[in-house]
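Reader: Could you take me through one loop of this model up close, and then carry on from there to the surface and the inside? Keep it chatty, I have the coordinates open.

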Amino acid sequence: CPSYEVIDKTDEYEVRKYEPTVWATVSIEGTDLDTAEEDAFMTLFQYISGENKPKQKIEMTAPVRNIVTPGAGPNCKSQFNISFYA
């Protein structure tokens with residue numbers, strides 16, 4: 001997991017300051033989050049399994065981050081950015 005410093009803490013939450021990080025991200029346009037997550041996960045999994053430029057395997061990491069940018073209307077495609085912490 002990314003390194004961080006706890007800035008403030010209550011019984012319900014923590015405020016954290018994270019060190020700079022690198023993420024491997026796949027962007028998918030679509031209408032279904034489950035499909036986007038599945039497709040992106042497989043692409044990212046292949047990447048960390050050695051299907052990358054230096055042909056190097058990378059350990060599976062946590063967290064996985066999902067950022068969804070909704071489309072303009074109810075039937076419009078959304079932008080899904082699924083990322084592995086690298």
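Author: Let's start at Glu 19, which sits in the loop between β2 (14-18) and β3 (23-30). Keep in mind that this is a predicted model. With a relative accessible area of 49%, Glu 19 counts as partly exposed, because the exposed class only begins over 50%. Now look for Glu 5: it is 14 residues away from Glu 19 in sequence, yet the two C-alphas are 8.3 Å apart in space.

From the loop, hop over to helix α1, which spans residues 33-48 and carries Phe 41. At 35% relative accessibility, Phe 41 falls between the 20% and 50% limits, so Phe 41 is also called partly exposed. Phe 41 has company on the surface: together with Met 42, Phe 45 and Met 60, it forms a nonpolar patch. Taken together, those four residues offer about 360 Å² of accessible area.

Now for the inside. Rolling a probe the size of a water molecule over the atoms shows where empty space is left. Here, one cavity of 30 Å³ or more turns up, and the largest cavity holds about 40 Å³ of space. Its lining is made of Ala 24, Tyr 47, Ile 48, Ile 58, Glu 59, Thr 61, Phe 84, Tyr 85 and Ala 86. The elements giving two or more residues to that lining are α1 and β5 (78-85), so the helix you just visited for Phe 41 comes back here. By character, the lining of the largest cavity splits into seven nonpolar residues, one polar and one charged.

Key. Residues numbered from 1 in each chain as written. Predicted model: local features only at pLDDT ≥ 70, side-chain atom pairs only at ≥ 80, totals over all residues. Heavy atoms only, no water. Patch = residues over 30% accessible without salt bridge, like charges linked within 9 Å, V, L, I, M, F, W, Y side chains within 5 Å. Areas by Shrake-Rupley, 256 points an atom, 1.4 Å probe, with all protein chains shown as cover. Salt bridge = Lys/Arg side-chain N within 4 Å of Asp/Glu carboxyl O. Helix = DSSP H or I, 4+ residues; strand = E, 2+ residues; numbered from the N terminus. Buried < 20%, exposed > 50% of the residue type's maximum accessible area, 1.4 Å probe, protein only. 1 Å grid on protein atoms, 1.4 Å probe; cavity = no way out; pocket = protein on both sides within 12 Å on 5 of 7 lines; lining within 4 Å. Points joined across faces, edges and corners; volume = space filled by probe spheres on them. Nonpolar A, V, L, I, M, F, W, Y, C, P; charged D, E, K, R; others polar.
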